[in-house]
Amino acid sequence: MSDSRSREDEMRCVEFVELISDYLQGDVSDEQRFRIEHHLEGCAGCRAALEQIKTVIRMTGRLTAADVASIDPLIRDRLLSTLRIPRRR
């Protein structure tokens, strides 16, 4: 495989972010899964993001309405804006 072909096959972080939900649910093709896992091997930022999302998923079931209501609105808005903006590599 040539260098240009290998670069074309490399997944960018923004593409990973777009596929992360499907990946976690097992709704990606074998080719996508391979590309995602290959990307994760070389990208500490996306590995960290994946672990953070897994933690959020685990914790979400434990949150009560009172927990959410007690979050400072400024912190809540900053968190939401951070989650909406994908990091670029």
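Start by selecting Cys46 and looking at what surrounds it: setting aside neighbours within four places in sequence, Cys46 is in contact (heavy atoms within 4.5 Å) with Cys13, Phe16, His39 and Leu40. Keep those residues in view, because several of them come back below.

A word on what you have open: this is a predicted model, where local features need pLDDT of at least 70 and side-chain atom pairs count only at pLDDT 80 or more, while totals for chains, interfaces and linings use all residues. Residues are numbered from 1 along each chain as its sequence is written, and side-chain values use heavy atoms, with hydrogens and water left out.

**Zoom out to the whole chain**

Switch to cartoon. You should find 6 helices and 0 strands, where helices (H or I, at least four residues) and strands (E, at least two) are DSSP runs numbered from the N terminus. Along the sequence that reads α-α-α-α-α-α. Colour by burial next, taking buried as under 20% relative accessible area, exposed as over 50% and partly exposed as in between (1.4 Å probe, protein chains only). Buried residues come to 17% of the 89 in the protein. If you draw the contacts between residues at least 6 apart in sequence, 58% of them join residues at least 24 apart.

**Select the core**

Now pick Met11, Cys13, Phe16, Leu19, Ile20, Tyr23, Val28, Ile36, Leu40, Cys43, Cys46 and Leu50: these 12 residues are the largest nonpolar core. Such a core is a set of buried Ala, Val, Leu, Ile, Met, Phe, Trp, Tyr and Cys residues joined through side-chain atoms within 4.5 Å. Helices α2, α3 and α4 (44-60) each supply at least two of its residues, and α2 gives the most, with 5.

**Two stops on α2**

Click on Leu19, in helix α2. Buried or exposed? Leu19 is buried, at 14% relative accessible area. Beyond its neighbours within four places in sequence, Leu19 is in contact with Met11, Val28, Gln32 and Ile36. Measure C-alpha to C-alpha from Leu19 to Ile36 and you get 8.5 Å, for two residues 17 apart in sequence.

Then try Val17, also a residue of helix α2. Val17 counts as partly exposed, since its relative accessibility is 38%. Its C-alpha atom lies 8.8 Å from that of Ala49, 32 residues away along the chain.

**Helix against helix**

Two packed helices are described by the angle between their axes and the distance between the axes. Here, axes are lines fitted to C-alpha atoms, for helices over the stretch in contact, and angles run from 0 to 180 degrees between N-to-C directions.

Show α2 (residues 13-25) with α3 (residues 30-42): their axes come within 11 Å and cross at roughly 120°. That makes α2 oblique to α3, given that angles under 35 degrees count as roughly parallel, over 145 as roughly antiparallel, 65 to 115 as roughly perpendicular and the rest as oblique. To see the contact, select Cys13, Glu15, Phe16, Leu19 and Tyr23 of α2 with Gln32, Arg33, Arg35, Ile36, Glu37, His39 and Leu40 of α3. By class they are 6 nonpolar, 2 polar and 4 charged, with Ala, Val, Leu, Ile, Met, Phe, Trp, Tyr, Cys and Pro counted as nonpolar, Asp, Glu, Lys and Arg as charged, and the others, Gly among them, as polar.

Move on to α3 and α4, which pack at about 110° with axes 6 Å apart. These two helices are therefore roughly perpendicular to each other. The residues to select are His39, Leu40, Glu41 and Gly42 of α3 and Ala44, Cys46, Arg47 and Leu50 of α4. That contact has 4 nonpolar, 2 polar and 2 charged residues.

Finish with α2 and α4, whose axes come within 11 Å and cross at roughly 35°. Their contact is made by Cys13, Phe16, Ile20, Tyr23 and Leu24 of α2 and Cys46, Leu50, Ile53, Lys54 and Ile57 of α4. What classes do these residues fall into? They divide into 9 nonpolar, no polar and 1 charged.
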